[in-house]
Amino acid sequence: MRLPEQVTRLGFVIAAIAAVVLLLRLVVLPSSMFSAKPHQEAAVVREMAKPVRHAGVAVCRECHEEEYQEKYGGAHRNINCENCHGPSAAHAADENAAKPPRPREREFCLRCHAYDASRPNGFPQVDPQQHRPGKRCLSCHEAHDPVPPKTPETCGGCHGRIERTKALSAHALVECSACHAVDERHMTEPRLALPTKPTSREVCGRCHATDATDPEASKARVDLASHGRTYVCWECHYAHLPEGRK
Amino acid sequence: MNKRDFLKDAILFFPAAATLQALAKDAQGAAEPAETPAGYDATKHWYGMGIDVDKCIGCNRCVEACKVENDVPEEPFFFRTWIERYQIHANGETTVECISTRAAPPEQAEPEDPTVVRTFFVPKLCNQCAHPPCVQVCPVGATFQTQDGVVLVDAERCIGCRYCIQACPYGARYLNPKTRTADKCTFCYHRITEGLLPACVEVCPTEARIFGDLKGRADRLVRFHRVNPISVLKPDLNTEPKVLYAKLDGEVR
């Protein structure tokens, strides 16, 4: 059977249209019209080309090795230079182009070291109202190697908050050493030799047990055998303010 | 021109145009930079961040460094990373406050609330989810995950529809008022691909933030993952965040 001529012609026209469409889709039009991939690859390249503003401590160290070593020996060893001196990539590229700031005002140090209840336990904090108000921190402390100007003689030098709390409590006359054994080393390297805490009920029992023989024993007596089951006293009572929070 | 001439011309024209187009494309391709710059293979990395909640002191240095590094607008409500203060009260209530919105810490310490049982800071940022909801919802494919696991926004493709901002369960995205496109933490992609640390990790004074590569065998983050009790935010959403929180309080959402 022979195809009618008009069908053949129509076939040519359809084939031509199909060829044009395929040509447009596969060759003429860019693939970025149909897929997000080329855009994403270009975005990654753009993202990677963004300027670096913080040089990083390794770059600072290339020129400022002395300061780095000084800092490395002290309590600020984990603080990188640009924490205090600001983003310094411009200074690293050309030392005269931009001088990184040297923050000297009290408020700057207090941003980390002012007392805040949410800060972790043991982080060195001061009450700005009581700790040398108005004085610059740098007049006593060296920022790269911050140690107290002299080793504190009393526990209150560092643990001022506890000292002030205890001074107003029924335990005001109880020495710190009555409950805590403190190694000499704790004064110079506080984190490496932590003081002890009472691990038995007998420490409090010296004053508070019904059969306590201490002449200065407290009037608050409990029967250690029946009171508080097996808990150590300070698990329920805050020894620095035994009356509890007002 | 009759029909026959037109068809003849057309048959000649289209292949010629296609050839020219292909040649033009080659010329363009030669001028553009390579897809991944030499020396960096994205498939070899899978970046993540570890956050030790116990170490954060809420000093906001990370927030400031991030703003400088990434041109985040200065107004105190645009953040790529921010710090939250959690306060858990005796009656079981939890209050959350973003402390990064304050220009400066208050002059005088706020009086302590006696009902607060415990309180701490939690740094927040884009969790760089392994299954990111923001990527799913983007209608134009402007936000996507790179081969090294970082979720990026193509600012030239983004139409600013804010759908991703709605979809992010962590509130990590904002609409940049300058570019009018969605913006978020990129783990400082321009820094990490050069081997530097993200700006927030670089300046963190207490090492509360650890940056690393979960594909690295002796990586700091892998060790952090091993030695700490780790949780992620909203694990029930199966987004599989790559920001790993150590010692996270159960109240943190």
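Start in chain B and select residues 61-70: that's helix α2(B), and it lies across strands β2 and β4 of chain B. Look along the helix and then along β2(B), and you'll find α2(B) running at about 155° to that strand. Keep in mind as you click around that this is a predicted model.

Next, select residues 81-89 of chain B to light up β2(B). Its partner here is β4(B), and the two pair in the antiparallel sense over nine bridges. For a spot to zoom in on, pick B:Tyr86 and look across to β4(B), where B:Phe120 stands opposite.

Now bring in the rest of the sheet. Add residues 94-98 of chain B for β3 and 116-125 for β4. You should have an open sheet of three strands in the order β3-β2-β4, with antiparallel pairing. β3(B) and β4(B) are the edge strands, each pairing on one side only. Tilt the view to see the twist, which averages 20° from one strand to the next.

Time to zoom out and show both chains. Where they meet, chain A puts in 38 residues and chain B 46. Which elements give two or more residues to chain A's side of this contact? Select α1 (5-28), α2 (37-48), α5 (81-85) and α7 (106-113) of chain A to see them. Linger on α2(A), as this helix gives the most to that side, with eight residues.

Last stop: colour the side of chain A that touches chain B by residue class. You'll get 19 nonpolar, nine polar and 10 charged residues.

Terms used:
Residues numbered from 1 in each chain as written. Chains lettered and ligands numbered in written order. Predicted model: local features only at pLDDT ≥ 70, side-chain atom pairs only at ≥ 80, totals over all residues. Pairing = 2+ DSSP bridges. Helix = DSSP H or I, 4+ residues; strand = E, 2+ residues; numbered from the N terminus. Axes fitted to C-alpha atoms, helices over the stretch in contact; angles between N-to-C directions. Contact = placed C-beta atoms within 7 Å. Nonpolar A, V, L, I, M, F, W, Y, C, P; charged D, E, K, R; others polar.
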